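Trainee: I am new to this structure and would like the terms explained as we go. Could we look at it together?

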Amino acid sequence: YIERRVNLLILGEPSVGKTALFLRLMDPKIDKDEILSVEFSKRRVTQLRNRVISRAKWEIYPRMTDIPGSAPGEFWDSVTKDDGRRVVDFFSRSSIDVWILVLGPTKNKVQDDDFQDIPYLYTQLGYTKTAIGGALQARSTSKPRSILIFISKFDLVSSHEAGDSAAASIAAELVDVFKEHIEYVERVARARGIPVHTQVGSAVEGWGCERLLDVAVDHLYGK
């Protein structure tokens with residue numbers, strides 16, 4: 001029994017891994033080589049665009065922003081009201097929103113054990129403040145029920161999932177890399193009473209992706 005519709009907005013700077021996460025959420029069994037194939041992934045995104053994820057009593061409709069490239073205006077269109085109604089037609093009055101902010105430590109493969117691309121980290125901080133902070137603080141925007149932060153590309157720095165004891169210290173280090181980003185989101189969300197969850201994972205390997213949906217449903221139930 002489906003009670004309500006959930007619009008799952010996947011947002012973030014270019015090259016953080018939004019497409020990979022979208023594909024993994026929509027098709028958990030997808031092969032990682034298919035995700036890594038640019039030509040295939042673009043075609044598959046088009047094929048999966050209208051698919052729905054059923055979770056408990058919820059129908060989840062994932063959607064990416066900033067396609068192609070960096071287009072923050074698309075995100076604002078997705079959360080802004082116009083003449084008393086939502087601009088984007090898939091937002092109905094009975095629906096609710098969950099946002100996933102995808103953060104990535106680097107655009108490219110890790111080199112020499114250094115997985116921090118400092119300029120890229122600061123670019124993402126600016127995006128976070130503009131998109132998340134601006135949308136939550138503006139009066140005209142629709143607010144999400146939950147915000148999930150997905151720190152992606154963990155497979156570049158570990159051969160184990162973040163939840164594995166063998167990878168715990170690396171996962172903690174990666175979270176610390178994005179400390180300023182996470183604390184900012186938590187602060188502005190707290191002012192609106194919106195829960196925030198941070199998850200380290202890899203869409204390419206499928207690490208942590210299902211957990212995102214589980215947490216989203218928990219937040220929808222008020223847990």
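Mentor: The model shown is predicted, and the turns below deal with its confidence, its sheet and its cores.

Trainee: What makes residues 82-94 a stretch that should not be read in detail?

Mentor: The mean pLDDT of the protein chain is 85, and 82% of its residues reach 70 or more. Over residues 82-94, however, the pLDDT is below 50. That score is the predictor's confidence on a scale from 0 to 100. Where it is low, the predicted coordinates should not be read in detail. The model still gives this stretch 22 contacts beyond near neighbours in sequence.

Trainee: How do you know that strands S2 and S3 pair?

Mentor: Two strands pair if there are at least two bridges between them. S2 (residues 53-55) and S3 have three bridges, so they meet that cut-off. Their sense is antiparallel, and arginine 55 stands opposite tryptophan 58 in S3. Two residues lie between the strands of this hairpin, where alanine 56 takes a positive phi near 55°.

Trainee: How many bridges join S1 to S3, and in which sense do these strands run?

Mentor: Seven bridges join S1 (residues 4-11) to S3, and the two run parallel. Valine 6, for instance, has isoleucine 60 in S3 as its bridge partner.

Trainee: Why is the pairing of the whole sheet called mixed?

Mentor: S1 and S3 run parallel, whereas S2 and S3 pair in the antiparallel sense. The open sheet has six strands in the order S2-S3-S1-S6-S7-S8, with mixed pairing. S2 and S8 (196-200) are the edge strands, as each pairs on one side only. From one strand to the next the twist averages 25°.

Trainee: Which residues of S3 are on the covered face, and which on the uncovered one?

Mentor: Trp58, Ile60, Pro62 and Met64 make up the covered face of S3 (residues 58-64), while Glu59, Tyr61 and Arg63 are on the uncovered one.

Trainee: What makes Ile10 count as a contact of phenylalanine 22?

Mentor: Contact means heavy atoms within 4.5 Å. Phenylalanine 22 is in contact with Ile10, and also with Val45, Leu48, Arg49, Pro62, Arg63 and Met64, leaving aside neighbours within four places in sequence.

Trainee: Which residues touch the most other members of the largest nonpolar core?

Mentor: They are Leu21, Phe22, Leu25 and Ile100, in a core of 35 residues. Helix H8 gives the most to this core, with seven residues. A second, separate core of 29 residues includes Leu121, Ile147, Ile149 and Val188.

Note on methods: Residues are numbered from 1 along each chain as its sequence is written. This is a predicted model: local features need pLDDT of at least 70, side-chain atom pairs count only at pLDDT 80 or more; totals for chains, interfaces and linings use all residues. Side-chain values use heavy atoms; hydrogens and water are left out. Buried means under 20% relative accessible area, exposed over 50%, partly exposed in between (1.4 Å probe, protein chains only). Helices (H or I, at least four residues) and strands (E, at least two) are DSSP runs, numbered from the N terminus. Axes are lines fitted to C-alpha atoms, for helices over the stretch in contact, and angles run from 0 to 180 degrees between N-to-C directions. A nonpolar core is a set of buried Ala, Val, Leu, Ile, Met, Phe, Trp, Tyr and Cys residues joined through side-chain atoms within 4.5 Å.
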